[in-house]
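Let's take a walk through this protein together. Keep the sequence and the 3D view open beside the text, and turn the view as you read.

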Amino acid sequence: MDMNTAAETLKSSERASIRRYTYDELIAEMAETNQPHELWDGELIMAPAPFFSHQKIALRFYRTLDDWVTPRDLGEVVASPIDMVLSPHRAVQPDVAFIAKERLNIIDRAIMGPVDLAAEVISLGGRNRDRIEKRDLYEQYGVKEYWIIDPEPQTVEVLHMVNSRYELAMRSGPGATAASRLLPGFEVKVDWLFHGR
């Protein structure tokens, strides 16, 4: 057996030995925590706490969205950590989530189903997960609008669901404003998200 084959066999056996949870098993066996964690095909993925700048950006978005949604009585806005349970083996934690008033019945101990709008602030090392894996996951489960907030190029992308597929509604950079199609009239200044001004 050559070295590459041996390494692949070892990786395969390591993957096979990883504990696979259902969401119900996870909450039964683990204590409540603020530690970021997600369930991907039953595998528990834990990450370090987000950087300070990541949290500032996420909370600015949360405040702006909540301040817009609440007086209009449109639904609920929540910031991570909160589980969004999409299947028995799949639970993720969007940085910010909006659930429309007519769908508030999906809120229980966690959010039991796809939210209407999810926002993710891309973190170092999380680019692939937020841009590709979560994008595909949110599209698959019917999250109607997905905001990708990227601190490196300082851009905000708004993806909107059209015929069960995401379309790029807009990509906004410094000096511009990002706007929702799902919530007409909701806008966020890109400079405010990244710099607080």
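**A walk from the sheet outward**

Strand 7 and strand 8 pair in the parallel sense, with five bridges between them. Please keep in mind that this is a predicted model. One spot to look for in this pairing is E120, which stands opposite I148 in strand 8.

Now look at the other neighbour of strand 7. Strand 6 (residues 96-100) and strand 7 (residues 117-121) run antiparallel and are joined by three bridges. F98 has L117 in strand 7 as its bridge partner.

Step back, and these strands turn out to belong to an open sheet of six strands, in the order 3-6-7-8-9-10 and with mixed pairing. Which strands stand at the edges? They are strand 3 (75-79) and strand 10 (165-172); each has a single partner strand, so one side of each is left without a neighbour in the sheet. On average, neighbouring strands of this sheet are turned by 15° against each other, direction ignored.

How many of the residues of strand 7 are buried? Five of its five residues are, so the strand is mostly covered. Follow the side chains and you will see L117, A119 and V121 pointing one way, while A118 and E120 point the other way. Residues on both sides are buried, the charged-looking name E120 among them.

Next, find the helix that lies across part of this sheet. Helix 3 lies across strand 3, strand 6, strand 7 and strand 8 (145-150), and runs at about 170° to strand 3.

A good place to see helix and sheet come together is D95, in the loop between strand 5 (90-92) and strand 6. Is D95 buried or exposed? Its relative accessibility is 11%, and buried means under 20%, so D95 counts as buried. Leaving aside neighbours within four places in sequence, D95 is in contact with H54, A58, V78, A79, S80, A119, E120 and V121. Q55 is 40 residues from D95 in sequence, yet the two are 8.7 Å apart in space, C-alpha to C-alpha.

Helix 3 also leads us to the aromatic residues. A search of the whole structure finds six aromatic pairs. In one of them, F61 and F186, the ring centres are 6.0 Å apart and the planes stand at 80°, so the pair is edge-to-face. This pair links distant parts of the chain: F61 is in helix 3 (residues 52-69), whereas F186 is in the loop between strand 11 (177-179) and strand 12 (187-189), 125 residues apart. Both F61 and F186 are buried. Ring pairs link these two residues with W68 and W147 into a cluster. Another ring to look at is that of W192: the charged end of R60 sits over it, 5.8 Å from its centre.

Finally, zoom out to the whole chain. The protein chain has five helices and 12 strands. Of its 197 residues, 40% count as buried. Among the contacts with a separation of 6 or more, 51% come from residues 24 or more positions apart. On the outside, the protein chain exposes about 10800 Å², and carbon and sulfur atoms supply 52% of that area.

Key: Residues numbered from 1 in each chain as written. Predicted model: local features only at pLDDT ≥ 70, side-chain atom pairs only at ≥ 80, totals over all residues. Heavy atoms only, no water. Phe/Tyr/Trp six-rings, centres within 6.5 Å; stacked < 30°, edge-to-face > 60°. Helix = DSSP H or I, 4+ residues; strand = E, 2+ residues; numbered from the N terminus. Buried < 20%, exposed > 50% of the residue type's maximum accessible area, 1.4 Å probe, protein only. Lys NZ or Arg CZ within 6 Å of the ring centre and 35° of its normal. Pairing = 2+ DSSP bridges. Axes fitted to C-alpha atoms, helices over the stretch in contact; angles between N-to-C directions. Contact = heavy atoms within 4.5 Å. Areas by Shrake-Rupley, 256 points an atom, 1.4 Å probe, with all protein chains shown as cover.
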